[in-house]
Amino acid sequence: MGILEKISEIEKEIARTQKNKATEYHLGLLKAKLAKYRAQLLEPSKSSAAKGEGFDVMKSGDARVALIGFPSVGKSTFLSLMTSTASEAASYEFTTLTCIPGVIEYKGANIQLLDLPGIIEGAAQGKGRGRQVIAVARTADVVIMMLDATKGEVQRALLEKELESVGIRLNKSKPNIYFKPKKGGGISFNSTVTLTQCSEKLVQLILHEYMVCRRVGIWALTMFTSEIFNAEVLFREDCSPDEFIDVIVGNRVYMPCLYVYNKIDQISMEEVDRLARRPHSVVISCGMKLNLDYLLEKLWEYLALTCIYTKKRGQRPDFTDAIILRKGASVEHVCHRIHRSLASQFKYALVWGTSTKYSPQRVGLTHMMEHEDVIQIVKK
């Protein structure tokens, strides 16, 4: 029986197993086996290497956004509207067959937007170049999931399932669990909170399902080494067995996602209102160019970028060339962005903006900058 058949059998058994106190250990083991087989499926084949045109593109700009969705939902039209790149758009499916990059210029930032080919059900197993599309999506800072508003919730559920199966966690934070394999001493299990979804026995059963090896300084799955009988586990929050499995595997990607419902001009106002009120959702119409400005505002919010302006002594601030940093950046980050040796020559900085109590305020390297602050750096 191949890996795909094993995955299918386990998924069917999970679906028909009733969830209660008596079956929680059985379900935990099934989920551990399922995650292990999926990880083996995603490993590249060593026997033969696929030849052909390259798919990924070089990362550029201040942030990267991946545009994914089923065929003919309006991804190429959206790329053409938001960037200066012309991506072929037509009424038939699979118009886009490779990754097409574009650049959105917004608030002084250059945001790289990738128009990926439409993915189909079963993409996680490699159907329709699905693995390549998902691999590119893993490198993005934000995922825009383009959906057809006329299809209801079907597309959203299928895409979430495909991304979930390859380790992409949308709009979720990393579980607060400390896990470290050891050479001896057995399994040390502790928790700082009351656990309602996991127990020490279930943790041990899940760990014994996993096989690990040391690869380039990280723990990775393999089929041929010993099971995990020695490890230190500390739960700092009440997590589910699925979240604990994610921590063991260690290759999960947690990223924000915007669900964009296109073609709202073809549905009723009541349906538009219902979709717009869903969490992390934005409704647009590429055909009529509706609500695109609000989508850009939400995308900027999800990217968590800040613009910092510089000022020379005795001159006005330069508002034409902003320094783009992640939210939570300090004065030290600004120095490194200007020049790598500037932090070592730093004496103090004058900052104007919302991050200070008064303007200008004299600050040090640890001062946290906010959006549209102005900074003047004084060297020793």
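Two strands are said to pair when DSSP finds at least two bridges between them. With that in mind, let's walk through this predicted model, starting at one pair of strands. E2 and strand E3 (residues 109–115) run antiparallel to each other and are joined over seven bridges. If you would like one rung of that ladder to look for, take Ile104, whose bridge partner in E3 is Ile111.

Now step back to the sheet that holds this pair. It is an open sheet of six strands with mixed pairing, and the order is E2-E3-E1-E4-E12-E13. At its edges sit strand E2 (100–106) and strand E13 (281–283), each of which pairs on one side only. On average, and with direction ignored, neighbouring strands of the sheet are turned by 25 degrees against each other.

Two helices packed on this sheet are worth a look. Helix H8 (residues 269–276) touches strand E12 (257–262) and E13, and its direction makes about 150 degrees with that of E13. H9 also packs on the sheet, where it touches strand E1 (63–69), E2, E3, strand E4 (142–148), E12 and E13. The direction of H9 makes about 165 degrees with that of E12.

For a close view of the sheet, turn to Ala66, which has its place in strand E1. Is Ala66 buried or exposed? Its relative accessibility is 0%, so Ala66 counts as buried, the cut-off for that label being under 20%. Leaving aside neighbours within four places in sequence, Ala66 is in contact with Leu114, Leu116, Ala137, Ala140, Val142, Val143 and Ile144. Another useful marker is Val133: it lies 67 residues from Ala66 in sequence, while their C-alpha atoms are 9.3 Å apart in space.

From here we can move on to the nonpolar cores. The largest one has 63 residues, and among them Phe78 and Ile284 touch the most other members. Which helix gives the most to this core? That is helix H9 (residues 292–303), with seven residues. Domain 2 (48–172 + 254–302) and domain 3 (306–379) both contribute residues, so this core lies between the two domains.

Ile284 is a good place to pause. Beyond its neighbours within four places in sequence, Ile284 is in contact with Phe78, Met146, Val260, Tyr261, Asn262, Lys263, Ile264, Leu290, Asn291, Leu292 and Leu295. Finally, there is a second, separate core of 21 residues, which includes Ala35, Ile177, Ala231 and Val249.

Terms used:
Residues are numbered from 1 along each chain as its sequence is written. This is a predicted model: local features need pLDDT of at least 70, side-chain atom pairs count only at pLDDT 80 or more; totals for chains, interfaces and linings use all residues. Side-chain values use heavy atoms; hydrogens and water are left out. A nonpolar core is a set of buried Ala, Val, Leu, Ile, Met, Phe, Trp, Tyr and Cys residues joined through side-chain atoms within 4.5 Å. Buried means under 20% relative accessible area, exposed over 50%, partly exposed in between (1.4 Å probe, protein chains only). Helices (H or I, at least four residues) and strands (E, at least two) are DSSP runs, numbered from the N terminus. Domain bounds come from an automatic or database domain assignment. Contact means heavy atoms within 4.5 Å. Axes are lines fitted to C-alpha atoms, for helices over the stretch in contact, and angles run from 0 to 180 degrees between N-to-C directions.
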